[in-house]
Amino acid sequence: MLNDRLSPADSDDTPSEFVSPDFILKDPENGLPEWCVSVGQVAYPDAVAAMEARVEAILKGEARELIWLIEHPPLYTAGVSAKREDLLEPDRFEVFDSARGGQFTYHGPGQRVIYVMLDLNRRTKDIRAFIKALEGWIIGTLWQFNVEGHIRDGRVGVWVERRDKSATPVPSEHLRGAPAAPEQRYQEDKIAAIGIKLRRWVSFHGISLNVEPDLSHFNGIVPCGISEHGVTSLIDLGLPVTMDEVDYALRQEFIARFGPVDNGSVL
């Protein structure tokens with residue numbers, strides 16, 4: 001299933017949405033980030049406790065950076081900007097307050113959650129560029145499966161145009177008095193959410209990429225506070241990919257953008 005064509009980041013005519021400052025380690029001799037994949041579902045409080053401990057250890061110079069790939073049992077999290085009215089079904093799943101940025105989101109089986117603990121003191125201290133680099137990482141990963149992801153102003157995360165669904169005609173400007181053909185506007189669904197927190201320039205929390213979650217579970221919230229757009233997944237887009245295939249693509253695209261990694265032990 002993996003695409004052997006160039007990813008957008010490797011192309012000579014790279015779109016501007018993929019351009020970002022360099023986030024490669026400036027001092028790799030002091031240790032590469034660890035890449036860890038947990039087997040089974042990890043409880044949300046346990047994951048948060050592990051992240052908190054790891055970030056403190058990174059700040060003290062006692063641990064390396066970490067990219068941690070996990071799955072959670074079904075749950076909702078409320079970021080620091082969450083509005084309580086966006087929790088439509090408060091009794092459906094357990095709800096956790098989160099220190100990350102953003103609003104309500106869902107985590108559950110079939111969704112790859114990627115917790116990103118990187119020390120921007122050793123990379124580039126630019127939070128907006130870092131978010132764009134993370135978005136570019138996911139866009140490049142999707143491209144490996146022939147899915148074109150997009151970033152949109154005012155909407156953090158990665159979106160896909162649903163060209164498999166009907167388009168809405170949008171009247172265009174008339175050119176020299178002759179009516180132009182109406183533009184086509186496609187429905188856009190979110191396939192990946194991003195919510196990051198920094199502590200003295202060390203990141204934690206991260207990204208959720210929908211591989212094969214139960215999309216009906218998103219109905220209990222207004223995802224990320226955006227009601228006019230839907231959510232999708234790789235399986236929903238008609239791609240029978242496995243989590244292992246997604247993990248492989250994530251790792252290759254991470255290395256291309258952030259540099260090499262070491263295999264870490266399962267947390």
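This is a short walk through the structure, stop by stop, with something to select at each one. Keep in mind that you are looking at a predicted model.

**Stop 1: strand S6**

Begin by selecting residues 111-117, which make up strand S6. Show the side chains and turn the view around them. How many of the seven residues of S6 are buried? Seven of the seven are, so S6 is largely enclosed by the rest of the structure. Both faces of the strand are covered. On one side you will find Gln111, Val113, Tyr115 and Met117, and on the other Arg112, Ile114 and Val116.

**Stop 2: the partners of S6**

Keep S6 on screen and add residues 66-71, which form strand S2. S2 and S6 run antiparallel and are joined by five bridges. To see one of these pairings, pick Trp68, whose bridge partner in S6 is Tyr115.

Next, add strand S12, residues 202-210. S6 and S12 also run antiparallel, with five bridges joining them. Stay with Tyr115 for a moment: in S12, Gly206 stands opposite this residue. Then move along to Ile114, which stands opposite Ile207 in S12. As a reminder of what holds such neighbours together, strands of a sheet pair through backbone hydrogen bonds, either parallel or antiparallel.

While S12 is selected, check how covered this strand is. Nine of its nine residues are buried.

**Stop 3: the S11-S12 hairpin**

Now bring in strand S11, residues 188-199. Which strand does S11 join through eight bridges? The partner is S12, and the two run antiparallel. Look again at Ile207 in S12: Ile194 stands opposite this residue, just as Ile114 does.

Follow the chain from S11 into S12 and you reach a hairpin with two residues between the strands. Select Arg200 and Trp201, which both lie in the loop between S11 and S12. Arg200 has a phi near 50°, a positive value in a residue other than glycine. Trp201 has a positive phi too, near 75°. Switch on a surface view to see how each one sits. Arg200 has a relative accessible area of 56%, and because this is over 50% the residue counts as exposed. Trp201, with a relative accessible area of 29%, is partly exposed.

**Stop 4: a three-stranded sheet**

Leave the hairpin and select residues 75-78 (strand S3), 94-97 (strand S4) and 104-107 (strand S5). These three strands form an open sheet in the order S4-S3-S5, with mixed pairing. The edge strands are S4 and S5, each of which pairs on one side only. Neighbouring strands in this sheet are turned by 25° against each other on average, direction ignored.

Zoom in on S3 and S5, which pair in the antiparallel sense over four bridges. One place to look is Tyr76, whose bridge partner in S5 is Tyr106.

**Stop 5: the largest pocket**

Select Ile131, Val156, Gly157, Ile194 and Gly195. Of the 36 residues that line the largest pocket, these are the closest to its centre. The pocket holds about 640 Å³ of space. Several strands from earlier stops return here: S5, S6, S11 and S12 are among the elements that give two or more residues to the lining. So is helix H2, at residues 127-143. Try colouring the lining by class: 13 residues are nonpolar, 14 polar and nine charged.

**Stop 6: the largest cavity**

The structure holds two cavities of 30 Å³ or more. About 80 Å³ of space lies in the largest one. Its lining has 13 residues, and those nearest the centre are Thr105, Lys190, Ala193, Asn210 and Phe218. S5, S11 and S12 are the elements that give two or more residues to this lining. Which strand supplies the largest share? That is S11, with four residues. By class, the lining has eight nonpolar, four polar and one charged residues.

**Stop 7: Asp27**

Finish by selecting Asp27, in the segment before strand S1 (34-41). Buried or exposed? Asp27 has 17% relative accessibility, and because this is under 20% the residue counts as buried. Display its side-chain contacts and you can find two partners. The side chain of Asp27 makes a polar contact of 2.9 Å with the side chain of Asn30, and another of 2.8 Å with the side chain of Arg122.

How values were computed:
Residues numbered from 1 in each chain as written. Predicted model: local features only at pLDDT ≥ 70, side-chain atom pairs only at ≥ 80, totals over all residues. Heavy atoms only, no water. 1 Å grid on protein atoms, 1.4 Å probe; cavity = no way out; pocket = protein on both sides within 12 Å on 5 of 7 lines; lining within 4 Å. Points joined across faces, edges and corners; volume = space filled by probe spheres on them. Nonpolar A, V, L, I, M, F, W, Y, C, P; charged D, E, K, R; others polar. Buried < 20%, exposed > 50% of the residue type's maximum accessible area, 1.4 Å probe, protein only. Polar contact = N/O pair within 3.5 Å; in protein donor to acceptor, adjacent residues only side chain to side chain. Pairing = 2+ DSSP bridges. Axes fitted to C-alpha atoms, helices over the stretch in contact; angles between N-to-C directions.
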